Amino acid sequence: MAREDLLLNIAVKNQQALGNVNNQLNKLQNSGLKLSTALKGAAAGLAAFGVVKIGSFIVNTTKEFEDLRTTLSSVTGSTEQGAEAFRFISEFATKTQFGVDDLTKTFIKLKAAGIEPTEELLTTFTDAVTNDQIGSLEAVTDLFARTVSGGLGLEEIQRLGDRGIPVLDILEEKLGLTRQEISEFGKTSEGAAKITQAFAEGINERFGGATQNLVSNLSTEFSNAKIALQGVADEFG
């Protein structure tokens, strides 16, 4: 089955299920039953269609997003700025292969380290595509977060290399650093900053546009579908 037909089939089945649940709610409410009884009827309807887990999905999403918003408010300085940051992340996530939760954790770690997580910087992170995408995102985030205090060593570099990112080749090309020289060079915040700057330039040169190229992939489309469902669940919660 073609991808478009598969997605359409899923959408139709979901619409039919929701339509039947809404009909049950309307019938119960029109008969004068209380809302709590109506909700029980809705739960029964959802269970009949195998989607009773929607309730736990809403609860879990609400809890997770509340925690993320609270931390965002803390690192940005206010509830309003935290809410704006969450809106920015949610919109940016739809352009990538990553979820809102993964990108929010990256945003928080960078902000806490004093690094402004702009769309340009985050795109550099998401362009560093490997099979272990979440692991790569976490490793790149940790690499940049360590630049503020210095102490950037071979261990952080090796984490990227283990995930298939040619970081050693990039640093040798850009800075002339060998594996043995990285630890000494990264001891100061200035040296660490040069390493991350060179790494970002190398990623943009070698993999720039990788995120955009993944937008039309089925995995990204399903990721965006999940983001949309989480958004609905968050609003409902």
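1. Let's start with the surface. In this predicted model, the protein has an accessible surface of about 13,100 Å², and carbon and sulfur atoms account for 53% of that area. As for the inside, 37% of the 237 residues count as buried.

2. The fold is quick to describe: there are 13 helices and 0 strands. Going along the sequence, you read α-α-α-α-α-α-α-α-α-α-α-α-α. If you look at contacts between residues at least 6 apart in sequence, 65% of them join residues at least 24 apart.

3. Helix 7 is a good place to zoom in. This helix covers residues 133-145, and its 13 residues reach 18 Å from the first C-alpha to the last, close to the 18 Å expected at 1.5 Å a residue. Is helix 7 enclosed or open? With 10 of its 13 residues buried, helix 7 is largely enclosed by the rest of the structure.

4. Which residues of helix 7 are buried? They are G135, S136, L137, A139, V140, T141, D142, L143, F144 and A145. The cover over these buried residues includes helix 5, helix 6, helix 8 and helix 11, the last of these running over 189-207.

5. Now for the charged pairs. Side chains of opposite charge can pair when their charged atoms come close. A search of the whole structure turns up 11 salt bridges, and a few of them are worth a visit.

6. Begin with E119 and K95, whose side chains form a salt bridge at 3.2 Å, N to O. E119 sits in helix 6 (residues 119-127), while K95 is in the loop between helix 4 (79-93) and helix 5 (100-112), so the pair ties together parts that are 24 residues apart in sequence. E119 is partly exposed, with a relative accessible area of 36%, and K95 is partly exposed with a relative accessible area of 36% too.

7. Back on helix 7, D142 meets R159 in a salt bridge, 2.6 Å from N to O. Here R159 belongs to helix 8 (residues 154-162) and D142 to helix 7, with their positions 17 residues apart in the count, so to speak: the pair links distant parts of the chain. Buried or exposed? D142 is buried at a relative accessible area of 18%, whereas R159 is partly exposed at 26%. There is a further partner to look for, as K109, D142 and R159 are linked in a network of salt bridges.

8. Helix 8 has another pairing to show. E156 and R146 meet through their side chains in a salt bridge of 2.4 Å, N to O. E156 is in helix 8 and R146 is in the loop between helix 7 and helix 8, 10 residues apart. E156 is buried, with a relative accessible area of 12%, but R146 counts as partly exposed at 31% relative accessibility.

9. Last stop: T76, which is found in helix 3 (residues 54-76). T76 counts as buried, at 17% relative accessibility. What does its side chain reach? The side chain of T76 comes to 3.2 Å from the backbone nitrogen of G82. Leaving aside residues up to four places away in sequence, T76 touches Q81, G82, A85, F107 and K111.

Technical notes. Residues are numbered from 1 along each chain as its sequence is written. This is a predicted model: local features need pLDDT of at least 70, side-chain atom pairs count only at pLDDT 80 or more; totals for chains, interfaces and linings use all residues. Side-chain values use heavy atoms; hydrogens and water are left out. Helices (H or I, at least four residues) and strands (E, at least two) are DSSP runs, numbered from the N terminus. Buried means under 20% relative accessible area, exposed over 50%, partly exposed in between (1.4 Å probe, protein chains only). Contact means heavy atoms within 4.5 Å. Accessible areas come from the Shrake-Rupley method with a 1.4 Å probe; for residues, only the protein chains shown count as cover. A salt bridge is a side-chain nitrogen of Lys or Arg within 4 Å of a carboxyl oxygen of Asp or Glu. The expected span of a helix is 1.5 Å times one less than its number of residues. A polar contact is a pair of N or O atoms within 3.5 Å; within protein, one must be able to donate a hydrogen and the other to accept it, and residues adjacent in sequence count only if both atoms are side-chain atoms.
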